[in-house]
Amino acid sequence: MIVAGDVGGTKSNLGLFDEQQGKLVRVARKRYASQEHSGLPEIVQDFVRETGAKVTSASFGVAGPVVDNHIVPANIPWSVDGAEMAKLLGLGRVRLLNDLEACGFGIGVLAPPDLEVIYTGADSLHATRVVIAAGTGLGEAILFWDGKDYVPMPTEAGHADFAPHTDQQADLWKFLKTRGEFVTVEKILAGRGFKNVHQFLAPNVTHPGFDDPTVDVAPLITEQGLSGICADCVATLDLWVEIYGSEAGNLAVRTAALGGIYIAGGIAVKILPKLKDGRFAAAARTKEKMQDFLAKVPIHVILNEECPLLGAAYVASKGL
C-alpha cells in the first residue's frame with residue numbers, strides 16, 4: 001500500500017494507493033487544511049490511523065525546494081524531512097519531491113480526459129515540456145525526455161522577478177514596488193495576486209473581505225470576472241490571465257519547450273473559460289523573434305487536480 005501526499009500552503013491532500021495490474025488505484029483520500037496542523041507527521045499519522053493501512057512505500061510532493069530530501073515550504077511554517085517521515089512510517093526511505101516535480105510525474109499517468117487542449121500547436125515527439133501552476137504560490141517545472149521517460153526538474157521560478165512587457169504591466173510593477181522590496185512573479189500569479197491586481201486597477205473599489213487579510217478574495221474576484229457582474233473584476237481577470245500566459249511563454253522560451261505547456265493547479269480549472277478565450281495563448285506567443293517557434297508549442301490545461309498526488313504515488317510505486 002502506497003501513501004502519497006500533495007502538500008501545499010492552503011491544503012494537503014493525502015491518498016492511499018494500491019497497484020493493480022500495473023496501474024495505480026486510489027483506495028482512500030483525505031484533504032487537510034495545512035494551516036490547522038503542526039506539520040506533515042501529524043497529518044500522515046492521522047491518515048494512516050484512519051485508513052488502517054500497512055504502508056509499504058510513500059512519497060510526498062511539497063511546495064518548496066528539496067535539499068538533501070528535506071524541504072522548508074515557502075508558504076507554510078513547516079519543515080519536512082524525508083528521514084523523519086521514513087522513521088514514522090517504518091520504511092527504509094521516503095522520497096520528498098517539489099510539488100511541481102510531483103505534478104510532472106503525474107502528467108505521465110493521466111488519462112486523456114484529464115487534459116484539455118486550449119491551443120493545438122504541433123506534435124513534437126519527446127521534446128521538452130514545461131508545467132506551470134498558480135495556486136497559493138506559483139510553481140514551475142521542466143520535463144526532459146531521458147530516452148525512456150519524461151523526467152521532471154523542479155524550479156523555484158515563482159520567486160523570480162516579474163517581467164512586465166506593456167505600459168500597463170510596468171505601472172503594475174511600480175504599484176507593487178511601493179508595497180515591498182521585491183516584485184516577484186508570484187506576487188501576481190497566485191491566489192493573493194488577484195487582489196493585488198484589482199487594487200491596482202480600481203484602488204477605490206472594494207468587495208467583501210478586502211479589508212480582512214485572512215480572507216481569500218480570489219474566488220469572489222474570479223467568479224464576478226467570469227460572470228461579468230463586476231467590470232473591475234473582468235479587467236482584473238483579463239490582466240491576470242495575460243500575465244499568466246506571458247510567464248508561461250517565458251518558461252517555454254527559456255527551455256525550448258516544443259513538447260508543450262501544461263497548466264496545472266486549482267485556479268486553472270476554476271477559470272478555464274477565460275484560459276480558453278485565446279488571451280493566454282496569445283500572450284504566451286508574444287515574444288521577440290520567437291512567434292513562429294511558440295506557434296508550434298501546444299498548451300494543455302490539467303483538469304485532474306490530483307495530478308501531483310498521482311505523481312507522488314507513481315514515484316513511490318516505482319522506487320524512484
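**Figure 1. Helices H4 and H5 of the predicted model are roughly perpendicular to each other.** The axes of H4 and H5 come within 10 Å and cross at roughly 105°. Because angles of 65 to 115 degrees count as roughly perpendicular, this crossing of roughly 105° falls in that class. On the H4 side, the contact is formed by Gln-168, Asp-171, Leu-172, Phe-175 and Leu-176. H5 contributes Asn-196, Val-197, Gln-199, Phe-200 and Leu-201. By residue class, the contact of H4 with H5 comprises six nonpolar, three polar and one charged residue.

**Figure 2. Glu-186 is a buried residue in the loop between helices H4 and H5.** The loop that holds Glu-186 connects helix H4 (167-177) with helix H5 (193-201). The relative accessible area of Glu-186 is 4%, and Glu-186 counts as buried because the cut-off for that class is under 20%. A polar atom of the Glu-186 side chain lies 2.8 Å from the backbone nitrogen of Leu-138. Leaving aside residues up to four places away in sequence, Glu-186 touches Asn-75, Gly-137, Leu-138, Gly-158, His-159 and Arg-192. Leu-138 thus appears both in this set of contacts and in the pair of atoms 2.8 Å apart.

**Figure 3. His-126 has a positive phi although it is not a glycine.** The phi value of His-126 is about 65°. His-126 is located in the loop between strand E9 (115-119) and strand E10 (129-134). With a relative accessibility of 37%, His-126 counts as partly exposed.

**Figure 4. Ala-256 is a residue other than glycine with a positive phi.** For Ala-256, phi is near 50°. Ala-256 belongs to the loop between helix H7 (231-255) and strand E13 (260-264). Its relative accessibility is 42%, and Ala-256 is accordingly classed as partly exposed.

**Figure 5. The protein chain that frames these views contains twelve helices and 14 strands.** The radius of gyration of the chain is 20 Å, close to the 20 Å that the globule rule gives for 320 residues, so the chain is as compact as a globular protein of that length. Along the principal axes, the C-alpha atoms fill a box of roughly 55 × 45 × 35 Å. Of the 320 residues in the chain, 51% are buried. Among contacts with a separation of 6 or more, 67% are between residues 24 or more positions apart.

Notes: Residues are numbered from 1 along each chain as its sequence is written. This is a predicted model: local features need pLDDT of at least 70, side-chain atom pairs count only at pLDDT 80 or more; totals for chains, interfaces and linings use all residues. Side-chain values use heavy atoms; hydrogens and water are left out. Helices (H or I, at least four residues) and strands (E, at least two) are DSSP runs, numbered from the N terminus. Buried means under 20% relative accessible area, exposed over 50%, partly exposed in between (1.4 Å probe, protein chains only). A polar contact is a pair of N or O atoms within 3.5 Å; within protein, one must be able to donate a hydrogen and the other to accept it, and residues adjacent in sequence count only if both atoms are side-chain atoms. Contact means heavy atoms within 4.5 Å. Axes are lines fitted to C-alpha atoms, for helices over the stretch in contact, and angles run from 0 to 180 degrees between N-to-C directions. Angles under 35 degrees count as roughly parallel, over 145 as roughly antiparallel, 65 to 115 as roughly perpendicular and the rest as oblique. Ala, Val, Leu, Ile, Met, Phe, Trp, Tyr, Cys and Pro count as nonpolar, Asp, Glu, Lys and Arg as charged, and the others, Gly among them, as polar. The radius of gyration is taken over C-alpha atoms; the globule rule is 2.2 Å times the number of residues to the power 0.38.
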